[in-house]
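Q: I'm new to this one, and I'd like to learn how to read it feature by feature. Can we look at it together?

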Amino acid sequence: MFVNVNFTNFNKAIILLTNNKNQMEVNNTERLTTIDHHISREESMHPTATGEFTSLLHDLALAIRIISREVRRAGINDILGLTSTSNIHGEKQQKLDQYANDIIKKAMSQGGHVCAFASEEDDEVTVVGKDRKSKYIILFDPLDGSSNISINVTIGTIFGVYRRIDLSPGQSCSISDVLQPGYKLITAGYALYGSSTLLVYSTGNGVHSFTYDPTIGEFLLNKQYIRVPKQGSWYSFNEGNYYLVDEKVRKYLDYIKTPSEDKKRPFTLRYIGTLIADLHRLLHYGGVYLYPGTTKNPNGKLRLIYEVNPLAFILEQAGGRATDGRRRILEIAPEDIHQRTPLFMGSPDDMDLLESFLK
Ligand code: AFP
């Protein structure tokens with residue numbers, strides 16, 4: 001459904017609140033743009049576009065709408081709480097995790113455009129289509145930040161989409177389609193179930209954000225071409241791990257916490273414990289996010305292909321950087337669907353400083 005109305009005379013139309021002059025504002029003199037309209041506009045920029053990609057993202061937006069509805073009703077429906085099963089990482093699965101996992105798979109299987117899924121909640125890759133129409137591979141974390149679900153703290157859904165490598169007749173997709181490096185993503189994004197539901201995505205042409213209006217059932221554009229500030233004075237890090245991380249990281253942390261005469265330090269700590277929410281904050285206010293390897297988990301905690309890669313893609317599209325301490329995240333060749341990676345990401349100037357400590 002497209003809503004495409006001229007709202008020049010409607011005083012209460014969306015007014016974007018932003019201080020960043022690099023970002024394009026969406027204000028009440030512009031037309032309302034729905035996510036569907038935006039996606040088809042993005043696809044139409046490609047001369048060979050068939051509309052399949054638009055349909056794929058349309059199905060994804062539908063899944064997010066349904067998950068958002070369930071998240072909002074979670075307390076009412078008594079859907080909160082643990083199931084009796086654990087996922088491959090040994091974590092207790094929340095009912096909502098499973099629900100979100102199922103909904104995404106159902107919604108994305110409708111159009112026949114998906115060849116395979118890889119999800120945080122599934123041990124193995126799910127292959128769903130093998131004809132030439134099934135061109136896409138979807139990776140997702142259906143509900144990131146599950147330990148925050150039952151206390152009403154922001155959670156979200158992360159997704160990334162690859163094109164299938166081999167479309168020869170009779171060929172199905174293989175594990176190499178799923179284990180592509182992040183720079184090959186054709187789209188990535190996240191939904192944030194916070195004070196409102198937001199959908200942020202990029203097809204490699206900047207980062208755009210949409211707010212869900214439940215009264216009309218539409219995601220409406222509120223910011224386009226989002227740019228991360230060049231520098232921020234915020235950091236996100238699980239301080240409980242301070243003594244478990246490398247000395248170089250500790251020296252960096254000590255440095256940013258030490259007051260300076262120019263008042264740029266100490267940095268302020270903000271850590272939500274939902275990666276998407278921490279990244280979303282970083283995207284708007286700048287600063288750094290660190291989840292390094294620890295003595296307990298040398299590769300850190302975060303999963304590369306469905307958690308870190310899509311967010312690194314978004315951040316780079318907004319002018320930021322993401323590394324594992326040595327390499328650009330998007331250039332890592334994944335070897336396993338549930339592989340973990342250390343993560344350092346942030347504003348470009350803050351990353352320069354951080355990297356000078358990691359050398
Ligand atoms: P859960 O989904 O198990 O809550 O994990 C969330 C997460 O993967 C990521 O979203 C957080 O940033 C990170 O873990 C928090 O990890 P710590 O609790 O170790 O800080």
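Q: In which sense do strand E12 and strand E14 pair, and over how many bridges?
A: Keep in mind that this is a predicted model. When you look at two paired strands, check their sense and then the bridges between them. Here, E12 (residues 234-236) and E14 (residues 288-291) are parallel, with two bridges. For a concrete pair, find serine 236, whose bridge partner in E14 is tyrosine 289.

Q: What is the strand order of the open sheet that holds E12 and E14?
A: To read a sheet, walk across it strand by strand. This open sheet has five strands, in the order E13-E12-E14-E16-E15, and its pairing is mixed. At the edges you'll find E13 (268-269) and E15 (321-323), each of them pairing on one side only.

Q: Let's move to strand E4. Is it largely enclosed or exposed?
A: For burial, go along the strand and look at relative accessible area; under 20% counts as buried. E4 covers residues 114-119, and six of its six residues are buried, so the rest of the structure largely encloses this strand.

Q: Which strand pairs with E4 over five bridges?
A: That's E6 (residues 136-144), and the pairing is parallel. One spot to check is serine 119, which has phenylalanine 140 of E6 as its bridge partner.

Q: And how do E4 and E5 run, parallel or antiparallel?
A: They run antiparallel, with two bridges joining E4 to E5 (residues 126-127). Alanine 116 is opposite valine 127 of E5. Follow the chain from E4 to E5 and you pass through a hairpin of six residues.

Q: Where is aspartate 97, and is it buried or exposed?
A: Place a residue in its element before you judge its surroundings. Aspartate 97 belongs to helix H4 (residues 95-109). Its relative accessible area is 2%, so aspartate 97 is buried. You can also compare sequence and space: 48 residues separate aspartate 97 from glycine 145 along the chain, while their C-alpha atoms are 9.8 Å apart.

Q: How many residues surround the ligand, and which are the closest?
A: Reading a binding site starts with its shell. There are 15 residues around the ligand, and the closest are Asp144, Asn238, Tyr271, Leu275 and Tyr291. By type, the shell has five nonpolar, six polar and four charged residues. Domain 1 (10-223) and domain 2 (234-358) each supply at least three residues to the shell.

Q: Which residues have polar atoms 2.9 Å or 2.8 Å from an oxygen atom of the ligand?
A: Look at whether the backbone or the side chain is involved. Serine 146 uses a polar backbone atom, 2.9 Å from a ligand oxygen. Asparagine 238 brings a polar side-chain atom to 2.8 Å from a ligand oxygen. For glutamate 307, an N or O atom in the side chain is 2.9 Å from an oxygen of the ligand. As for cover, the ligand on its own has 490 Å² of accessible area, and the protein covers 86% of that.

Q: What should I look for in the backbone angles?
A: Most residues other than glycine have a negative phi, and most peptide bonds are trans. Asparagine 152, in the loop between E6 and E7 (155-163), has a positive phi of about 65°. With 74% relative accessibility, asparagine 152 is exposed. Lysine 263 also has a positive phi, near 65°, and sits in the loop between H6 and E13. The peptide bond from arginine 265 to proline 266 is cis, with omega near 5°.

Key. Residues are numbered from 1 along each chain as its sequence is written. This is a predicted model: local features need pLDDT of at least 70, side-chain atom pairs count only at pLDDT 80 or more; totals for chains, interfaces and linings use all residues. Side-chain values use heavy atoms; hydrogens and water are left out. A residue is near a molecule or strand if one of its heavy atoms lies within 4 Å of it. A polar contact is a pair of N or O atoms within 3.5 Å; within protein, one must be able to donate a hydrogen and the other to accept it, and residues adjacent in sequence count only if both atoms are side-chain atoms. Accessible areas come from the Shrake-Rupley method with a 1.4 Å probe; for residues, only the protein chains shown count as cover. Ala, Val, Leu, Ile, Met, Phe, Trp, Tyr, Cys and Pro count as nonpolar, Asp, Glu, Lys and Arg as charged, and the others, Gly among them, as polar. Domain bounds come from an automatic or database domain assignment. Buried means under 20% relative accessible area, exposed over 50%, partly exposed in between (1.4 Å probe, protein chains only). Helices (H or I, at least four residues) and strands (E, at least two) are DSSP runs, numbered from the N terminus. Two strands pair if DSSP finds at least two bridges between them.
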